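Open the model in your viewer and keep the sequence panel in sight. Each stop below says what to select and what is there.

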2 protein chains.
Amino acid sequence: MSTLEIADTTIAGPEDALALAVAQALRGVRGANPLVGAIITAPDGRVLASGYHRGRGTAHAEVEALAGFNGFNESSSTSGFDPADSTLWITLEPCDHTGTTGPCTEAILASGIRTVRYAVADPTGPDGGGAARLRSAGLDVGQVDAEQARRAGAADLNPRWMLARDSGRPFVTAHLAQSLDGRVAAVDGTSQWITGPESRRHAQSVRSRVDAIIVGTGTVLTDDPRLTARDAAGRDLPRQPVPVVQGRRAVPAGAALRGGDSWLHVEDHDPQVVLDRLTAGDNAAGTTVSSAWPHGGTRPGHVLIEGGPTVLSAWMGAGLVDELFLYQAPLILGSGLAGLDLPQHTTLSHALHLTLDAAENGAISRLGDDVLLHYAAP
Amino acid sequence: MSTLEIADTTIAGPEDALALAVAQALRGVRGANPLVGAIITAPDGRVLASGYHRGRGTAHAEVEALAGFNGFNESSSTSGFDPADSTLWITLEPCDHTGTTGPCTEAILASGIRTVRYAVADPTGPDGGGAARLRSAGLDVGQVDAEQARRAGAADLNPRWMLARDSGRPFVTAHLAQSLDGRVAAVDGTSQWITGPESRRHAQSVRSRVDAIIVGTGTVLTDDPRLTARDAAGRDLPRQPVPVVQGRRAVPAGAALRGGDSWLHVEDHDPQVVLDRLTAGDNAAGTTVSSAWPHGGTRPGHVLIEGGPTVLSAWMGAGLVDELFLYQAPLILGSGLAGLDLPQHTTLSHALHLTLDAAENGAISRLGDDVLLHYAAP
């Protein structure tokens, strides 16, 4: 929110300021862009504005905070308040890059704020490097002490996003809708509607964020999904993720996912091969998508693994899932297909340890009769 | 709480009053006794006091509310306030029975309150029948309109407790500590410490409520548990549940659960047989426990199923589990023993449907790195 949601709060120092910015950042959603939060404080420590990044295509955190700050300046009874006296705190170094939004450096310079503190440096790549630009314009720009930033949680905001970026691959979200005993289908294969409408709506909102949805040939043959992103009323959204089918079996001529503008078939079981093909825009059997990623760019920035168990387990086992949304229905199937099957983990000490992820409404939420658990890979 | 936690609240009518009493009731824990909540209102609708039943051996809800009410009367600036003008609202008909606590009818009569409204009648058994007693003492006692009580949620507070009571069996709680993929042990059998210390402490608090803990011979042979109830520091509590072993294999001479005062071995797989033996105080192989239930009485009022999967599945499949605590660790085991195995449920429409249970801190809570999901059988 650009409004003064954390008004009447006063910071005691840099760690405190960053902790508030981190809390803002955690309101965002993970994906192609990192979580970023920002606050603006007065010389006496009062918090004047705050903002966070809501995901690809939306304003950056500092721009959102500045919007609230500017509104504050114009409407406040403290007219004559000088922006040059206030400080902008950001969890990540501001960008100096025009992407889907303008560079944050320009917005900061236009605001009149002269003091900027950030937690995590982002000097490389087209999105980083804003600190040098602001310094050359005469601003007081500094990185907060690393230990203070760590204690405030700023260093832990985006470890998997940075890993994905440094690996040159998209951020990977996985979806698992299961009964409370970890089954995704009954013995007879019945698998539709395990979870309720609220869970399915959330799953649709995740689809709307991604460039591609990856399923196995088994899912295509069993469920024949369209894999489209739909709004709450069930209508297809303007931007559609590219359906990607992984596996060696053929995709039937009448498969529903062939109905979109483009789709991909990667005839391999190895997630890394799928990633390589996606990144290269290569296409074994479908139409080409190299210049058709729904959110722009020549490479996908965010992909979603929707299953089934073989595909999800392969990605999970390869350490390539960054975030997991686990939708748990209040059902006991008691038998039938398990949602995950990783035969290589034979002892408890080899288990995959995830962590509850506080981003996006907190780690645990209720969706109708279901529970949504949000996990991050460590 | 007997204090005025819901002060400054005003009720608009009976449904509103009962909804507040229901919210109080849901703060309690399920078990041998039903969930019960109570509030006391002034003639203008102000809520003067509230209370809930915290479980066997503690004050009944109306007694707790009356304690707050009496404190209010003694300390309030509204001295001269006449208890006869106020109304006691209870989700369940008050008892007229001296158990571990005195009869609620006596407490109500002593308070000076002259008007009592309750939602659910409890005319049978030694614990009910208080309405007639109060009426004979000249009080205005009435049952709230059934539809209003239903809308306030009072009718849905204790369906499984009433089923258990009407079946002459104890209330049955089940415990399941699993990975997020529904496994309770890795392929090599490693099963200790799937969940963290906070989950284990909660599980200990559940143990402290029950008369008996039921496990299978497999659990005895694999884990050799003591099955004692311990405090937060790990010390054995004064009252210990009776360990009950279900199944045909022998309990080893050196088994840890033989270390307590009494234990039972029921050499059968059928949960109903186990219940019958428990209720009869019969004992095939252990020492007799018929007069040694830790919370008093000649029959167990509350038992806990701790597993393993065969035993839990048998009780779940027989419809004999009233409440399930599901402790879910942020682990993926990927293979290994599933926590539930009910081969008879072969299609989704035959799945067991549970419901999230708002009692005891809400249906969903975080316990350290784990998540606790509280489910009720429908």
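In which sense do strand β4 and β5 of chain B pair, parallel or antiparallel? Select residues 115–120 of chain B, which form β4(B), and then add β5(B): the two pair in the parallel sense, over four bridges. Within this pair, R117(B) stands opposite G142(B) of β5(B). Keep in mind throughout that this is a predicted model.

**The sheet in chain B**

Now widen the selection to the whole sheet. It is an open sheet of five strands in chain B, in the order β2-β1-β3-β4-β5, and its pairing is mixed. β2 (47–52) and β5 (140–143) of chain B each have a single partner strand, so they stand at the edges and one side of each has no neighbour in the sheet. From one strand to the next, the twist averages 15°. As background, strands of a sheet pair through backbone hydrogen bonds, either parallel or antiparallel.

**The sheet in chain A**

Go to chain A. Here too there is an open sheet of five strands with mixed pairing, ordered β2-β1-β3-β4-β5. Its edge strands are β2 (47–52) and β5 (140–143) of chain A, and each pairs on one side only. Ignoring direction, neighbouring strands in this sheet are turned by 15° against each other on average.

Select β3(A), residues 87–92. How many of its six residues are buried? Six of the six are, and the strand is mostly covered. Add β1(A), residues 37–41: β1(A) and β3(A) pair in the antiparallel sense over four bridges. Look for A38(A), which stands opposite I90(A) of β3(A). Then add β4(A), residues 115–120, which pairs with β3(A) in the parallel sense over five bridges. Two bridge pairs to pick out here are T87(A) with T115(A) and L88(A) with V116(A).

**Two cysteines, twice**

Show the sulfur atoms of C95(A) and C104(A). What is the count of disulfides over all chains? It is zero. C95(A) is in no disulfide, as the nearest cysteine sulfur, that of C104(A), is 3.7 Å away. C95(A) has a relative accessibility of 4% and therefore counts as buried. Repeat the selection in chain B: the sulfur of C95(B) is 3.7 Å from the closest cysteine sulfur, in C104(B), which is too far for a bond. C95(B) is buried as well, with a relative accessible area of 4%.

**Helix α7 and its surroundings**

Select residues 197–207 of chain A, helix α7(A). Its buried residues are S199(A), H202(A), A203(A), Q204(A), V206(A) and R207(A). Show the strands that these buried residues pack against, among them β6 (171–179), β8 (212–216) and β11 (302–307) of chain A.

**Helix α8 and T219**

Move on to α8(A), residues 217–223, and pick T219(A) in it. Is T219(A) buried or exposed? T219(A) counts as buried because its relative accessibility is 15%, and the limit for buried is under 20%. A polar atom of its side chain lies 2.8 Å from the backbone nitrogen of G308(A). Leaving out residues up to four places away in sequence, T219(A) touches D224(A), P225(A), G307(A) and G308(A).

**The nonpolar core**

Finish with W315 in both chains. The largest nonpolar core has 70 residues, and W315(A) and W315(B) have the most contacts inside it. Centre the view on W315(A); beyond four places in sequence, the residues it touches include V172(A), I214(A), P271(A), L275(A) and L320(A).

Conventions: Residues numbered from 1 in each chain as written. Chains lettered and ligands numbered in written order. Predicted model: local features only at pLDDT ≥ 70, side-chain atom pairs only at ≥ 80, totals over all residues. Heavy atoms only, no water. Pairing = 2+ DSSP bridges. Axes fitted to C-alpha atoms, helices over the stretch in contact; angles between N-to-C directions. Buried < 20%, exposed > 50% of the residue type's maximum accessible area, 1.4 Å probe, protein only. Polar contact = N/O pair within 3.5 Å; in protein donor to acceptor, adjacent residues only side chain to side chain. Contact = heavy atoms within 4.5 Å. Core = buried A, V, L, I, M, F, W, Y, C linked by side-chain atoms within 4.5 Å. Disulfide = S-S within 2.5 Å.
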